[in-house]
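Morning, everyone. I will take you through one model, starting with the ligand and then moving outwards to the sheets and domains.

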Amino acid sequence: MKKEIKFNSFYFSNNYTKNLENLFKDYELFRQKHYSKACLNILEEIYPKQDLLLCHSATGALELIALTLDIQEGDEVILPSFTFVSTANAFALRGAKLVFVDIEEQFLGLDPDLVEAAITDKTKAIIAVHYAGHACRIKELQALATKYHLSLIEDAAMCFGSSFEDQALGTFGDFGVISFDITKHISASQGGLLLINNKKYSTKAKDIYHVGTNRSAFEEGSIPYYEWISLGSKFQMPETNAVLLQEQLEQREQILHKLQILSKYYYSQLLQLAEKHSFSLMPAFQIENNFHEFYLRFSSRAERDLVATTFKKHGIEALFHYIPLHSSSFAKEHFPSPELKLSSAVSDQLLRLPLHTQVELNDIDYICSVLENYFKQ
Ligand SMILES: Cc1ncc(COP(=O)(O)O)c(C=O)c1O
């Protein structure tokens with residue numbers, strides 16, 4: 001029988017069923033948000049200086065940021081084109097003009113030089129995306145945001161467990177966002193985390209999070225009742241999802257450790273092959289703490305697609321990634337942009353290999369042997 005290696009999987013634990021059963025049996029656990037609170041207790045240890053809001057998705061957290069910053073029609077927001085639609089939608093929904101800027105070769109994040117050239121007197125924010133869970137040139141973007149009095153938002157959707165110079169990703173900007181979607185290495189099935197680093201936004205963001213009410217002040221005991229005070233929406237994570245997230249957060253060291261071992265193994269097994277043939281691996285310095293994805297880059301889209309088809313024939317699911325937003329039909333109509341060469345090239349070249357807790361080292365041996373045989377043809 002042909003071996004099947006899926007691109008992703010959900011971390012399995014017997015505790016999910018037990019904890020879900022507890023939740024369904026005891027309405028108080030729902031009402032008290034027992035599992036959400038347990039998640040927050042763990043997350044507060046990881047991000048001790050931030051105000052944290054557990055959200056239904058990173059998409060929701062980004063929308064909450066756009067509301068908090070009071071983004072208006074005509075405001076300009078600078079972001080990479082090589083990202084997920086949610087990075088863009090959150091600000092487009094408030095009427096912002098999206099200004100797509102190209103990425104740089106090494107970290108596949110916003111190129112700070114191009115960002116500076118794109119700043120105008122209408123620019124309100126820079127959105128930094130840390131691709132594959134590795135820091136973009138965040139310190140330079142931070143300096144630009146300070147110099148031009150702009151908000152800095154870190155879309156750290158892929159970054160749970162990742163840091164730069166010993167500082168967790170998501171904690172450099174005014175706001176950071178982490179995803180706990182099913183596609184992420186720590187998952188609530190669907191979920192997200194908003195990190196508020198700049199405390200001047202804390203109260204406003206919390207009010208928006210609580211459907212536009214001052215409920216958090218009420219919960220803290222500083223007012224006798226809560227009422228409608230601003231625009232807002234329901235951004236909270238459902239309690240059933242928090243059950244899944246709590247278990248994965250409890251197991252995070254084990255999960256991240258396994259992903260680290262797999263990443264290092266991929267790298268060591270593929271290095272010689274990459275040197276001999278026309279593809280490259282992720283930068284070596286990223287491998288030690290690589291959790292979210294393991295990608296290869298080929299010389300052309302045609303070659304990348306041929307390799308993906310070969311993998312598929314052998315039961316291996318390897319996937320390309322973002323289609324650059326500036327090249328989409330929606331952006332062409334609403335946010336026309338000059339061609340962004342590197343974003344398009346990287347999108348054509350990149351192929352992601354299976355990286356999740358159900359992958360074993362012998363699966364990687366198999367994946368590498370399929371690639372080796374491809375080059376022998
Ligand atoms: C860079 C980036 N930002 C935001 C998101 C949205 O995350 P979520 O699915 O939790 O809404 C994703 C999802 O993959 C992403 O890759």
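Before I get to the ligand shell, a word on classes: Ala, Val, Leu, Ile, Met, Phe, Trp, Tyr, Cys and Pro count as nonpolar, Asp, Glu, Lys and Arg as charged, and the others, Gly among them, as polar. With that, the shell around the ligand splits into five nonpolar, eight polar and two charged residues. Please keep in mind that this is a predicted model.

Which residues come nearest to the ligand? Out of 15 around the ligand, they are Ser57, Ala58, Thr59, Phe84 and Ser179. Two helices each give at least two residues to that shell: helix 4, which is 58-68, and helix 5, which is 85-92.

Now the domains. The chain is divided into domain 1, residues 15-250, and domain 2, made of 252-318 + 354-376. Their centres, taken over C-alpha atoms, are 30 Å apart. How many residues of domain 1 are in contact with domain 2? Eleven, and they meet eleven residues of domain 2. On the domain 1 side of that contact there are four nonpolar and seven polar residues, and no charged ones.

Next, the seven-stranded sheet. The sheet is open, with the strand order 1-9-8-5-4-2-3 and mixed pairing. Why do strand 1 and strand 3 each have one side without a neighbour in the sheet? Strand 1 (51-55) and strand 3 (97-101) are at the edges and have a single partner strand each, so one side of each stays unpaired within the sheet. Ignoring direction, neighbouring strands here are turned by 20 degrees against each other on average.

At the strand 3 edge, strand 2, residues 76-80, pairs with strand 3 in the parallel sense, over five bridges. Within this pairing, proline 80 is opposite valine 101 of strand 3. Helix 3 packs on this sheet, where it touches strand 1 and strand 9 (192-196), and its direction makes about 140 degrees with that of strand 1.

Helix 3 also has a helix partner. Residues 34-46 form helix 3 and residues 239-250 form helix 10; the two pack at an angle of about 35 degrees, and their axes are 8 Å apart. The crossing of helix 3 over helix 10 is left-handed. From helix 3, the contact uses Tyr35, Ser36, Ala38, Cys39 and Ile42, and from helix 10 it uses Glu239, Ala242, Val243, Leu245, Gln246 and Leu249. By class, that contact has eight nonpolar residues, two polar and one charged.

Last, the other sheet. Three strands make up an open sheet with antiparallel pairing, in the order 10-11-12. Strand 10 (279-281) and strand 12 (350-353) are its edges; each has a single partner strand, so each has one side with no neighbour in the sheet. The twist from one strand to the next averages 30 degrees.

Strand 10 runs antiparallel to strand 11, residues 294-298, and three bridges join them. One of the residues involved is leucine 281, whose bridge partner in strand 11 is leucine 296. Which helix packs on this sheet? Helix 11, residues 252-276, touching strand 10, strand 11 and strand 12, with its direction at about 150 degrees to that of strand 10.

That is the tour; I can take questions now.

Definitions and conventions: Residues numbered from 1 in each chain as written. Predicted model: local features only at pLDDT ≥ 70, side-chain atom pairs only at ≥ 80, totals over all residues. Pairing = 2+ DSSP bridges. Helix = DSSP H or I, 4+ residues; strand = E, 2+ residues; numbered from the N terminus. Axes fitted to C-alpha atoms, helices over the stretch in contact; angles between N-to-C directions. Contact = placed C-beta atoms within 7 Å. Near = placed C-beta within 6 Å. Left-handed = near helix turned anticlockwise from the far one by under 90°. Domains from an automatic or database assignment.
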